[in-house]
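Open the structure in your viewer and keep the selection tool ready. We will go stop by stop.

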Amino acid sequence: MRIEILLTIVGMGVVTYFTRVLFMLTIDEKKLPQFFSRWLKFVPVAVLTSIIAPIIAAPEKKLDLTFANPYFIAGIATVIVAGISRNLLLTVFSGIGFILLFKYLIG
Amino acid sequence: MTRKKEKHNLHHRPSFDALNCRIIGKGFIESVPIIISVFAFGLIFGVLATKSGLTIFEIAIMCVIVLAGMSQFAALPLFAAHVNPLAIIGTTFIINMRHLIMGASISRFFSSRKVIPRMVAAYFLIDESFAMASAYAEKEGERLPRDGDYVRDYLIGAGLAVTVSWSLSSCIGGIFGNFLGDPKRLGLDFAIAAAFLGLLAPQIKKKQDVLVMLVSVILSVSLFVMLPGSWYILGASLVASLIGAVGESYEN
């Protein structure tokens, strides 16, 4: 039993539940300061992009925007599929297809 | 819309506040199409979690306690890199801050003020159940009868369906993960990026969204390359979302 991992997971759960329950028990949307609700609205886009971009642009922890980087090419291809289809499953599976293909071609 | 405190006949209060199994069941059943994609997502999560060094037990515990796919995915590389637990918990918090606005938004449709059922509903506030319950509230809205808290219970039902699908598929994926090779060699770490791109695309609607995206790309890649550890998600997304909010305020 790895106690540190379990405690980390419990910590993740506590902060997550806090975000879920806080405003459900306290305030409703109309009473929020306008700037705060605007800020929260942009959080998902900012977070998702911040996770994705380094995986694609710097897979080995240094910037690599060349065709020798299969993550970069597969990333561009997947961005196009995501933008056109706007479909989660199609994007996931074509993304996996692209990375397998370009890893195979480029090595 | 919060309903005015009605001077209700006292006899009606208990049934008005209590959880209603029929509505919970309706939320559960109507969520079946959406939990199919959750299931596929969970399979991928389970495989990657095993590859990041988590055991099946830890995967199951995480799915039930945290129950937030995006932050669980984001935590995997951090677990694999053995970073400071506070960085993992901090990243989880910032990713899940969107729940604040979701909670404020959906609870406008709750009619009961009872705390315990609201705390139960809060546990089931997940991206997918929020989407289902919001659509239900928008569609039925005024027509809902007042003999129960329909939107709250619908959210619980939809959330329950997502929870079952997510936990089960993650464990199945975790078992499969033991038989697969190195995910980095296969490029499976890219599956996270692909999944997030799929979640991201429908959210880009206005020019501020594009601005936030561009700022996030530049900041996250710069911080990732320059700094050790995994604070880049937290740092980049905080600054980028603030810039988006400032931009929108400036425009209005």
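This tour visits the interface between two chains, then a cavity, then a pocket. Keep in mind that the model is predicted.

**Stop 1: the interface**

Colour chain A and chain B separately. Now select the residues where they meet. You should pick up 96 residues of chain B in contact with 72 residues of chain A. The area buried between the chains is about 7400 Å². Carbon and sulfur atoms give 75% of that area.

Next, select Leu100(B), Ile101(B) and Phe190(B). Together they supply 10% of the area that chain B buries against chain A. No other three residues supply more.

**Stop 2: charges and polar contacts**

Stay at the interface. Two salt bridges link chain B and chain A. To see one of them, show Arg38(A) and Glu248(B) as sticks. Their closest N and O atoms are 3.3 Å apart.

Then turn to helix α14 of chain B, residues 232–251. With 13 residues, α14 gives the most to the side of chain B that touches chain A. Colour that whole side by class: 64 residues are nonpolar, 22 polar and 10 charged. Between the two chains, 17 residue pairs are in polar contact, both residues at pLDDT 80 or more.

**Stop 3: the largest cavity**

Move on to the enclosed spaces. Rolling a probe the size of a water molecule over the atoms shows where empty space is left. The structure holds three cavities of 30 Å³ or more. The largest cavity has a volume of about 160 Å³.

Which residues are closest to the centre of the largest cavity? Select Phe41(B), Gly69(B), Met70(B), Ile126(B) and Glu128(B). They belong to a lining of 14 residues. By class, that lining has 10 nonpolar, one polar and three charged residues. Now highlight helices α3 (32–51), α5 (69–80), α9 (127–140) and α10 (150–177) of chain B. Each supplies at least two residues of the lining.

**Stop 4: the largest pocket**

Last stop. The largest pocket has a volume of about 940 Å³. Select Pro44(A), Met102(B), Phe130(B), Gln203(B) and Lys205(B). Of the 26 lining residues, these are the closest to the centre of the pocket.

Which helix gives the largest share of this lining? Show α2(A), which contributes six residues. Add α3, α7 (98–106), α9 and α12 (190–200) of chain B, each of which supplies at least two. Finally, colour the pocket lining by class: 13 residues are nonpolar, five polar and eight charged.

Conventions: Residues are numbered from 1 along each chain as its sequence is written. Chains are lettered from A and ligands numbered from 1 in the order in which they are written. This is a predicted model: local features need pLDDT of at least 70, side-chain atom pairs count only at pLDDT 80 or more; totals for chains, interfaces and linings use all residues. Side-chain values use heavy atoms; hydrogens and water are left out. Contact means heavy atoms within 4.5 Å. Buried area is the accessible area (1.4 Å probe) that two parts lose on being put together, summed over both. A salt bridge is a side-chain nitrogen of Lys or Arg within 4 Å of a carboxyl oxygen of Asp or Glu. A polar contact is a pair of N or O atoms within 3.5 Å; within protein, one must be able to donate a hydrogen and the other to accept it, and residues adjacent in sequence count only if both atoms are side-chain atoms. Helices (H or I, at least four residues) and strands (E, at least two) are DSSP runs, numbered from the N terminus. Ala, Val, Leu, Ile, Met, Phe, Trp, Tyr, Cys and Pro count as nonpolar, Asp, Glu, Lys and Arg as charged, and the others, Gly among them, as polar. On a 1 Å grid over the protein atoms alone, a cavity is a set of points where a 1.4 Å probe fits but cannot get out, and a pocket is an open set with protein on both sides within 12 Å along at least five of seven lines; lining residues have an atom within 4 Å of a point. Grid points are joined across faces, edges and corners, and a volume is the space filled by probe spheres set on the points.
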